[in-house]
Amino acid sequence: MSDDLAVDADIRVAETLPARAFVEPAFLERELATIFTHAWQLLPERGDDPRPLDEQVAARGARVPVSLLGRPLFVQRGWDDDTLRAFPNTCTHAWHPLVLGASRGPTLVCPQHGRRFDCTGRFVSQPSFGKDMPNFPRECDHLASLPIAAWRRMLFASFDSRAPGLGTVFGDIDASLAKLPPPLERAKSEVREVAGNWKQHAWNYLDHFHIGHVHRAPHGLADAIDLGSYTTELGEHAVLQWVYAARPADGFLPEQLPERFADPKGRRVFALWWFVFPNLALSFYPWGLSVNVYQPIAGRPDATRFIWEHWIADRSLYAERDQRWLDGQVDAEDVDTLAQVSRGLRSGFAPRGRFAPTEEQAAHWFHRKVALGVTAPP
Ligand code: FES
Ligand SMILES: [Fe+2]
C-alpha cells in the first residue's frame, strides 16, 4: 500500500495524499495501527459526568472508565501515591471489563470472577488462584500501564509506551503562551459526529487558503483579520498559524504574547491557531481557548467524532465570541464545505491534488506527515 503514497518534501512538486486515503476502511485501519497508536490523544470526556475528567479522578483511589479511539481504558488515581495512571479496561483473566462506572478505593475487583488489582495495576488476589499455582501471577496478569499526562487541565494518553514526553510535543506551544494566564474554567464540552474523514477536518484547519473564499465578506472571517499578515510556522510536532486582527480591539494585548508577535504598525494578533499532529486543534483567542479533536471512528472512514471544548479566559469577551471571533459561523461554513468535498472524494474523478507553494505549507506538512506515519516501520 505504501508505493503510491509518498508526498514529496518539495512543496512545488508534491502531490496530495490520494483520494482513497480518505475513503478506504483499510487505510483508516492502518492509520489507527500506526499514527494513532504512537500519538498522544486527548482523553474524551464521559457523557454521564459534566465535570472535566481531571476533576473526576482528583480524589485518592478514584477511577473512571474512558474510551479512546474505540478502545476501553480506565484512568486511576493512586491510593498510596498521587500518581495518575491509565490501564486497559480489560481483565487479564478472561477479558471482562474491569471498571463499569466511576468508583473509588484501594483495590478494584473484576465483576466476572473476582480478580483483584491495586491502584498501580498489580494483581492482588483471585478466588481459587492459590499461592501454589505454578508460574502465577505472570507479568501479563498485572495490568499494563499506558502513558498518561496532563497538559493544563486536559488529560492525554497514548497506546505507545515509547511516545515522546508530552512536554516535548507541547514545548513550542507553551513558549507562545508563556505570558497568557491559563483559562479559568471550562464553558462547553460537546462531542458530535460530523461528515468527512478525520484528515479532511485537520487539513481544513491547516488551510488558510480557503479563508478568502469560504469565509469571505460580508461579515466573514476574512473581514475580521488582516489576511495579508497570515503567518504559518511549521514545527516537528505542531504547526502555528497566526494573523493580525483587522480591528485592534479584537486582538491580544501586546503584553499577553511574546515579543516576536509585536507589530511596529500597532496591529494585534487575532488568534494563535495551534495544530498538534495528528488531530488536535488548539485555538487561542483573547476570550480563551477553543479545543477541537478530529477523532477517527474505526471502520467508518467517512465520519469523524468531533470533540469541541471551550475554556474561558475572559467572561465578557467570551460572550462576544460569535460576533467578534465568528466562532459558530466559521464552524458552520467549514462543516458545509467539507460535506461538499466528501462528495468529490467519492466521485471517482478525484486525481491527487497539488499545493500552492506560498499558501499551503501547513497542508503540505500534514499530508507528508500522514504519508510518512503510515509507511514508517513499526
Ligand atoms: S474476567 Fe476478570 S476475573 Fe475473570
Ligand atoms: Fe475554515
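Student: Which residues does Ser 176 touch, not counting residues up to four places away in sequence?

Tutor: In this predicted model, Ser 176 touches Leu 257, Pro 258, Phe 261, Leu 272 and Trp 274. Contact here means heavy atoms within 4.5 Å. Residues are numbered from 1 along each chain as its sequence is written, while chains are lettered from A and ligands numbered from 1 in the order in which they are written. Because the model is predicted, local features need pLDDT of at least 70 and side-chain atom pairs count only at pLDDT 80 or more, whereas totals for chains, interfaces and linings use all residues; side-chain values use heavy atoms, with hydrogens and water left out.

Student: Why does Ser 176 count as buried?

Tutor: Buried means under 20% relative accessible area, exposed over 50%, and partly exposed in between (1.4 Å probe, protein chains only). Ser 176 has 2% relative accessibility, so this residue counts as buried. Ser 176 is found in helix H5; helices (H or I, at least four residues) and strands (E, at least two) are DSSP runs, numbered from the N terminus.

Student: What makes the site of the iron ion (ligand 2) irregular?

Tutor: Start with the donors: His 210 (NE2), His 215 (NE2) and two OD entries for Asp 334 coordinate the iron ion at 2.1 to 2.6 Å. Donors are N, O and S atoms within 2.8 Å of the metal (3.2 Å for Na, K and Ca), and sites may look incomplete because water is not among the atoms. Four donors count as tetrahedral if all angles lie between 85 and 135 degrees; four count as square planar and six as octahedral if opposite donors are over 155 degrees apart and all others between 65 and 115; anything else is irregular. The angles here run from 55 to 148°, so the site is irregular.

Student: Why does the pair His 210 and Asp 334 tie together parts far apart in sequence?

Tutor: His 210 lies in the loop between helix H6 (198-205) and helix H7 (211-214), and Asp 334 in helix H11 (residues 327-345), so the pair links parts that are 124 residues apart in sequence. Both His 210 and Asp 334 are buried.

Student: Why are H2 and H12 called roughly perpendicular?

Tutor: Angles run from 0 to 180 degrees between N-to-C directions, and axes are lines fitted to C-alpha atoms, for helices over the stretch in contact. Under 35 degrees counts as roughly parallel, over 145 as roughly antiparallel, 65 to 115 as roughly perpendicular and the rest as oblique. Helix H2 (residues 25-33) and helix H12 (residues 361-375) pack at about 80°, so they are roughly perpendicular. Phe 27, Arg 30 and Glu 31 of H2 meet Val 370, Val 374 and Thr 375 of H12.
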